[in-house]
There are 2 protein chains.
Amino acid sequence: MSEIPHVVVSRLPIYLRALENIAAEGLTCISSQELSERLGISAAQIRKDLSMFGEYGKQGRGYPVAALTEALRRHLHVDRMWDVVLVGVGDLGHALARYKGFPDHGFRIAMAFDKDPEKIGTRVGEIEVEDVRYMARRVQENGILVGMIATPANAAQEAANTLVFAGVRALLNYAPIHLTVPDDVRVEYLDPVIPLQRMTYYL
Amino acid sequence: MSEIPHVVVSRLPIYLRALENIAAEGLTCISSQELSERLGISAAQIRKDLSMFGEYGKQGRGYPVAALTEALRRHLHVDRMWDVVLVGVGDLGHALARYKGFPDHGFRIAMAFDKDPEKIGTRVGEIEVEDVRYMARRVQENGILVGMIATPANAAQEAANTLVFAGVRALLNYAPIHLTVPDDVRVEYLDPVIPLQRMTYYL
């Protein structure tokens, strides 16, 4: 399974999200055609992508929602809970720390760090904001592999360096800069400007 | 130019962002090889994508940063300022309303709406939070085409319906649900779970 192309991997969480919504609607089976209409991905592409996960989707029966959901969770490694370290507890950091969508999807904000003395020691969501000076040690001690950067742009690369040094291998970056990291570290960007500009092209 | 494939369009904002950073570093020329190293996109792909924008990137000279930046801005239609309507002024909405990255990249949060009486009338960033009941009229009157949804999941579809009815044609959705919109409306999703799950596959 490790040879799934990255472009397919990048669609798997989208399929998983759709299947979870479909299950919440009470449906137990879904056709590739119906998935296609919900997602705007062609039914042929969906069938090809999902064929990598075994013999789901028998002709005329549709996909069994529960079994396919479980297979996707397993392959995406979100059939477990990942502890996440959050850096930067401004408005955005607060929103992330309190975001209800994480626990059901495999993630838990386990620690939050800031450099502002007025924030250190305050509570956000379920946790207490800690001093960023102790971040490397705390992350390392707890074996945390996933980080979220919600600092201002000028602090993001330093935060990334510290997290990578401490063992983090997956970074979700909200700061509007490109991060330089070693080859074995993955970075995903959540800069609102990029998707906005993808749409204005068509306006 | 309207026949640029969507997959290429989706990379243009990433090139633009990189060029802006490069200009900020004081460089006036950049090779496809250097861009490739910064972005993790192959130099051949970059040359192919950027060849659609005319005769930039002469052999051995590299791309002229300022001219290519201007061309990308023009093609992405961000050589102007887009007014944006924001729905939902919780922690995330606050972060968006105060986000410093918009004005320099073609966007301005012009209005913000919420249904919470305690929020209506308060100031966030440069603007005053308005009652969501008046959103359709206000958006229509001002001809706003771009919206951001930062409501809870259960309010997002209704917000989208109202915005589309009022003329919005590009939606950036932060709520963790799939939105159903007409074919002539574009939606981009900024759900942190999706990129996190894209990375855990590799952990």
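**Two chains, two sheets and a shared surface**

Let me begin inside the sheet of chain A, with strand β8(A), which is covered on both of its faces: A:Ala170 and A:Leu172 on one side, and A:Leu171 and A:Asn173 on the other, are all buried. The general background here is that in a regular strand the side chains alternate between the two faces of the sheet. Before I go on, please keep in mind that everything I describe comes from a predicted model.

Staying with β8(A), its parallel partner is β7(A), and the two are joined by 4 bridges. Within that pairing, A:Met148 is the residue that stands opposite A:Leu172 in β8(A). Across β3 (82-87), β7 (146-149) and β8 (170-173) of chain A lies helix α8 of the same chain, residues 153-165, and this helix runs at about 170° to β7(A).

Now let me widen the view to the whole sheet, which in chain A is an open one of 7 strands with mixed pairing, in the order β5-β6-β4-β3-β7-β8-β9. The edges are taken by β5 (123-124) and β9 (186-189) of chain A, and because each of them has a single partner strand, one side of each is left without a neighbour in the sheet. At the β5 edge, β5(A) pairs with strand β6 of chain A, residues 127-131, in the antiparallel sense and over 2 bridges. One pair of residues to look at there is A:Val124 and its bridge partner in β6(A), A:Ile127.

Which strand order does chain B have? Its open sheet also has 7 strands and mixed pairing, and the order reads β5-β6-β4-β3-β7-β8-β9. In chain B it is β5 (123-124) and β9 that stand at the edges, each with a single partner strand, so that one side of each is left without a neighbour in the sheet. Strand β7 of chain B, residues 146-149, runs parallel to β8(B) and is joined to it by 4 bridges, and the pair I would point to here is B:Val146, which stands opposite B:Ala170 in β8(B). Helix α8 of chain B, residues 153-165, packs on this sheet and touches β3, β7 and β8 of chain B, with a direction that makes about 170° with that of β7(B).

On the level of domains, the assignment for chain A gives domain 1 as residues 6-75 and domain 2 as residues 82-194. Taken over C-alpha atoms, the centres of these two domains of chain A are separated by 31 Å.

Between those two ranges there is a residue with an unusual backbone setting to report, namely A:His77, which has a positive phi of about 65° although it is not a glycine. A:His77 sits in the loop between α5 (65-75) and β3 of chain A, and it counts as partly exposed because it has 15 C-beta neighbours inside 10 Å. In chain B, B:His77 likewise has a positive phi of about 65° without being a glycine, and B:His77 is found in the loop between α5 (65-75) and β3 (82-87) of chain B.

Is B:Ile46, by contrast, buried or exposed? B:Ile46 is buried, because 22 other C-beta atoms lie within 10 Å, and the cut-off for calling a residue buried is 20 or more. B:Ile46 belongs to helix α4 of chain B, residues 43-51. Leaving aside residues up to four places away in sequence, B:Ile46 touches B:Ser32, B:Leu35, B:Ser36 and B:Ile41. The C-alpha atoms of B:Ile46 and B:Tyr15 are 8.6 Å apart, although 31 residues separate the two along the chain.

Finally, I come to how the chains meet: 50 residues of chain B are in contact with 50 residues of chain A. On the chain B side, the elements that give two or more residues are α2 (12-24), α6 (91-97), β8 (170-173), β9 (186-189) and α9 (193-200), and of these α9(B) gives the most, with 8 residues. Sorted by class, that side of chain B has 30 nonpolar, 12 polar and 8 charged residues.

As for the geometry, chain B is superposed on chain A by a rotation of 180° with 0.0 Å of shift along its axis, at an RMSD of 0.0 Å, which means that the relation is that of a two-fold axis. The same surface serves both copies, since 100% of the contact residues of chain B recur in chain A.

Note on methods: Residues numbered from 1 in each chain as written. Chains lettered and ligands numbered in written order. Predicted model: local features only at pLDDT ≥ 70, side-chain atom pairs only at ≥ 80, totals over all residues. Domains from an automatic or database assignment. Contact = placed C-beta atoms within 7 Å. Nonpolar A, V, L, I, M, F, W, Y, C, P; charged D, E, K, R; others polar. Least-squares fit on C-alpha atoms with pLDDT ≥ 70 in both. Pairing = 2+ DSSP bridges. Axes fitted to C-alpha atoms, helices over the stretch in contact; angles between N-to-C directions. Buried ≥ 20, exposed ≤ 12 C-beta atoms within 10 Å, placed from the backbone.
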